[in-house]
Every structure is written in C-alpha cells, then in structure tokens.
Amino acid sequence: MVSKVRVRFAPSPTGYLHVGGARTALYNWLFARHEHGVFILRIEDTDAERSTDESVTTILDALRWFGLDWDEGPEVGGPAGPYRQAERLKLYQEHAQKLLDEGKAYYCTCTPEELEARRKAALAAGTSPKYDGRCRERGNDLTGVGGRGAVVRLQVREEGSVEIADLVHGPIRFETADLDDFILLRSDGMPTYNFAVVIDDVLMEISHVIRGDDHISNTPRQIILYEALGLPIPRFAHIPMILGPDRSRLSKRHGATSVLAYQQMGYLPEAMVNYLARLGWSHGDQEIFTQEELVRRFSLEKVGKTPAVFDPVKLEWLNGQYIKRTAPDRLTTLLRPFWEAAGVSQQELSQRDEAWSHRVAGLFQERARTLTELATSSRFVFDGKIERDKAVAQKVLTTETKERVRALLLEIETLPTFTAATLESLFRMRASALGLKLVDLAQPFRVGLSGKSVSPPIFPIMELMGWDAVRRRVEEALEEEG
C-alpha cells in the first residue's frame, strides 16, 4: 500500500449532486487536505443509458461552488480532470482476462430467464437464491457457445469470512458462504460497479475509501476481488447516512437536496460546507469553522457511527451567521442576481454606485438568513414600486398619524442636511414635544417606505433612499390609505 494518503470521490452522473454525496466529497477532501494527501475525482459513467454530460457538468459546478478542488486528471482532460470510467473500459477488460487466464474467473452463459427460474425454485425450497456456480467448469472456454452471450464471473471461495476493519464502525464480518460468484463483466463487455471500482482504486493507488454506509454490502465482494488480484486492500470508512427531520432517509420531500438548489435559494457555500462537515463529525462544542479550521481539525476518528439528522432550521441559522460575517463588497456581488429575482431591475441596479449598494447590504445583513431573504427585504430601498401590507398600513397610518407625518415632511424639507443623524434628531425632538415615543413617529415612515412593520433602523434607510424618494414614497402611502 502506498504510504501517502490518496482518496477519491466517485459520483455517478445520473442526476445532480445531492447533500449526501456532497458530504462524502467534503469528508474525502478534508481528509486529503488534513493529511497533505491527494484528492481524486472520478466520474463513474459506465451506465451509458442513465449517465449524461449535463449531470457531469452539474456535479463539477457544485463541487467548484463548494470550493473542493481535485488534484489529478487524465492527460486527455488536463490537470482539471476528472477521470471518467467510460474512457477506461480497456483496462477493466484486460484485468478480467487476467483473472480468466489465472482460473480465478470464468465465463457464464446462463440466460436471465434461466437465472430467474432457479432463483424462484431456490426461494420455494427455502434455500439461498444466490447463483449456483454451474458454469464454473467452463473456465475461460467459450467453445460451442455460438452467439449466446456470456458474462464473466469471479469464483468466490465457499469457506471462510471477510472482515472489514472499518474506521468508523469498527470490525464488520461477512461469511463468504453468503456470497455468490458475482459478475465482473456483462455480456456487452461493460464492467459491473464492484469490478470497475476496485480496478480504478488499484490503479489510482487509493489508500482510503471513504463513502456512505449504504456501500457496506459491496465491500466484502470488493475485498475478495483485491485478494484475487493479489493487491493491497485500502482502508475503509463508511459514513452513516443522512436522515430527514422525520428520521426517514433524506429525500426531495424534505426540501431541496441538490447542492446547487441551495445556492439558488441563497445559501453561502462556506455555510453549506460548515453545516455538512458538522453533520456527522464534531470537534467539541464548536459550531462555526472556517475552511482552514476544518482542514486542521478533521479526522475520521471523530465521525459518528449513527445517522445524522438534517435540520433545515439550523442550516438557515448558520447561513445567517455567515451572511453577518460577509464583507459588504462580496455580499453585494452575491446579491445582484437575488435582487433581480426580487424585482429590482438591472436599470435600477446600474443607477446605483457600489458604495451605495454596499451600504444597503450592510444595513440588512444582520437580520437575513439567506440571500433571497436579504434581497426581498431590502428591495424597497430601490426606486421600484413596492407592495404595501394593507392591514399594517390601516393600523399604523390612521388619520391622526397622517397629520403628524405631513407635518414632519414639511420640517424634513427645511433640514440643512438629509442624514440619518439629522433625521433622528428631528424625530426625537418632535416626539418629545408631542409626548410620544420615537417609534410612534418612526413607524408610519417605516410602513410608508417599506410597506412592512419591520425593517432595519429607518433613519439610515431614509438617508440611503434620499429626500426625493422618501417624500414621494410616503406621500403615495398617505394617498393610498386616505
């Protein structure tokens, strides 16, 4: 076995990268970076009917959004890779032939119909429905087969056991008597999953196989293959699955499970990385980690044995923490497509300079849990039309408060400067003179400007919007409710 840590993430390109796959990729990447090892990306696309280039692109985009870079790739694909199994078919066929020549594998010409009939008969007799090995004596001889298709099966020893020294679950034992002579190559020459993954892991000198524990049942077959090939066996770490809040397996009905769907919903990649890292792994009571801290602290020994529960509320809270910590210039860049989605036109965005947009983002980032929420809550600051909550407006903009608002508008117009400080000073002075609280005067303006009863401090918002926009928006509110 190679001394340097070499791990791989090997998704099947039959759809998007889901949360469980993303966590597996992350754990492999963190382990490789912590150990100063190598992280390999391998696309397992031998299922030609279901694999698509679109899925490959989606998976790569998701990994790049996460910030997970890989270290190797085939010469054809350049240093960015990744490896693709569909381009390695000759390697699998060569290794299958080697096993045939050594008498460790054999051709099987049993048809699917024959296999199904025997399976049913075995079940009816109360015996194991596994393959009965009747083609073992054929070996690598296809004489007399004619056009009948043949698969290649591995000859599995009938006695003994296979033990996995799992780095997460501890020792796991399987009896070889429970295994059958499984298929290596199908009749069309395509490799099965268990065969291709072992050959690839051997040739790529993978030292540790870190994957979901739904693969535990595959592992004894793969170990038997390593033994047949006479090659070192990597170390295995099977990560428990992720459950939904109802403790059933995480699925679409629990909400978005595609990584890029969370990007579209306004989650930051560093928040997703932090959350998924903690979804089954811990370091004391610490909740928030930078990527550098995760690399420094991560170890397989601290991965839990029990399934982790995906908590959307906690993810949202964590995302809010990251939004609060994001620099305004980066936050503004991230927000632009979300502002557009919230109804702010490109023209409105182009009319504002970066400093102004930074101030908007800075005012609203303390309260927002997602970029979508931040964009939606702040869109009223732009010059477009707003939707006013009629029930709130009717409650706040009464006949009495309207008169106060009109009087304040006249006083605001006489201010020497239109700043948050001068506005707050005026409102405080007027509230004191009228025997009111500051909120009694500020709230009608908040509702008039935003259409809502809740917003960040109203005076900095008024300064940002400017006197002309404030006056127009408030006067429109007075007319709408008058």
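Q: How do you know that α1 lies across strands, and which strands are they?
A: In this predicted model, α1 lies across β1 and β2, and its direction makes about 165° with that of β1. Contact here means heavy atoms within 4.5 Å. Helix α2 (residues 53–66) also packs on the sheet, where it touches β1, β2 and β3 and runs at about 155° to β2.

Q: Why does the length of α1 agree with that of a helix?
A: Helix α1 covers residues 19–34, which is 16 residues, and at 1.5 Å a residue that should span 22 Å. The C-alpha atoms at its ends are 22 Å apart, so the expected and the computed span agree.

Q: Is α1 mostly covered or mostly open, and how do you know?
A: Just count residues: 14 of the 16 in α1 are buried, so the helix is mostly covered. The cut-off behind that count is under 20% relative accessible area.

Q: What makes H36 stand out, given that it is not a glycine?
A: Its backbone: H36 has a positive phi of about 55°. As for where it sits, H36 is in the loop between α1 and β2.

Q: Why is H36 called buried, exposed or partly exposed?
A: The relative accessibility of H36 is 66%. Exposed means over 50%, so H36 counts as exposed.

Q: How does E205 score, and why?
A: E205 has a relative accessible area of 42%. Buried would need under 20% and exposed over 50%, and partly exposed is what lies in between, so E205 is partly exposed. It is another non-glycine residue with a positive phi, again about 55°, and E205 lies in the loop between α5 (193–203) and β9 (208–212).

Q: Why is β2 said to be largely enclosed or largely open?
A: Strand β2 spans residues 38–43, and six of its six residues are buried, so the rest of the structure largely encloses it. Both faces are covered, with V38, I40 and R42 buried on one side and F39, L41 and I43 buried on the other.

Q: What makes β1 and β2 a pair, and in which sense?
A: Pairing takes at least two bridges, and β1 (residues 6–9) and β2 have four, in the parallel sense. One place to look is R8, which stands opposite I40 in β2. Going from β1 through α1 to β2, the chain makes a β-α-β crossover that is right-handed.

Q: How do you know that β3 pairs with β2?
A: Two bridges join β2 to β3 (residues 83–84), and these strands run parallel. Since at least two bridges are needed, the two found here are enough for a pair. Across this pairing, R42 stands opposite Y83, and I43 stands opposite R84.

Q: In the order β1-β2-β3, what makes a strand an edge strand?
A: The three strands form an open sheet in that order, with parallel pairing. Its edge strands are β1 and β3, each of which pairs on one side only.

Q: How do you know that β5 and β8 pair, and in which sense?
A: They share two bridges in the antiparallel sense, and at least two is what pairing takes. Within this pair, R153 has I183 in β8 as its bridge partner.

Q: Why is P220 called buried or exposed?
A: P220 has 1% relative accessibility, and buried means under 20%, so P220 counts as buried. This proline is found in helix α6 (residues 219–229). Leaving out residues up to four places away in sequence, P220 touches V162, I164, F174 and L179.

Q: What is in the largest nonpolar core?
A: It has 100 residues, and L63, F66, F310, V381, F445 and M462 have the most contacts inside it. The biggest contribution to this core comes from α1, with nine residues. A second, separate core has 37 residues, including V38, Y83, V198 and L225. In soluble globular proteins, nonpolar side chains tend to be buried together.

Methods. Residues numbered from 1 in each chain as written. Predicted model: local features only at pLDDT ≥ 70, side-chain atom pairs only at ≥ 80, totals over all residues. Heavy atoms only, no water. Expected span 1.5 Å × (residues − 1). Buried < 20%, exposed > 50% of the residue type's maximum accessible area, 1.4 Å probe, protein only. Right-handed = clockwise from strand over helix to strand, strands pointing away. Core = buried A, V, L, I, M, F, W, Y, C linked by side-chain atoms within 4.5 Å. Axes fitted to C-alpha atoms, helices over the stretch in contact; angles between N-to-C directions.
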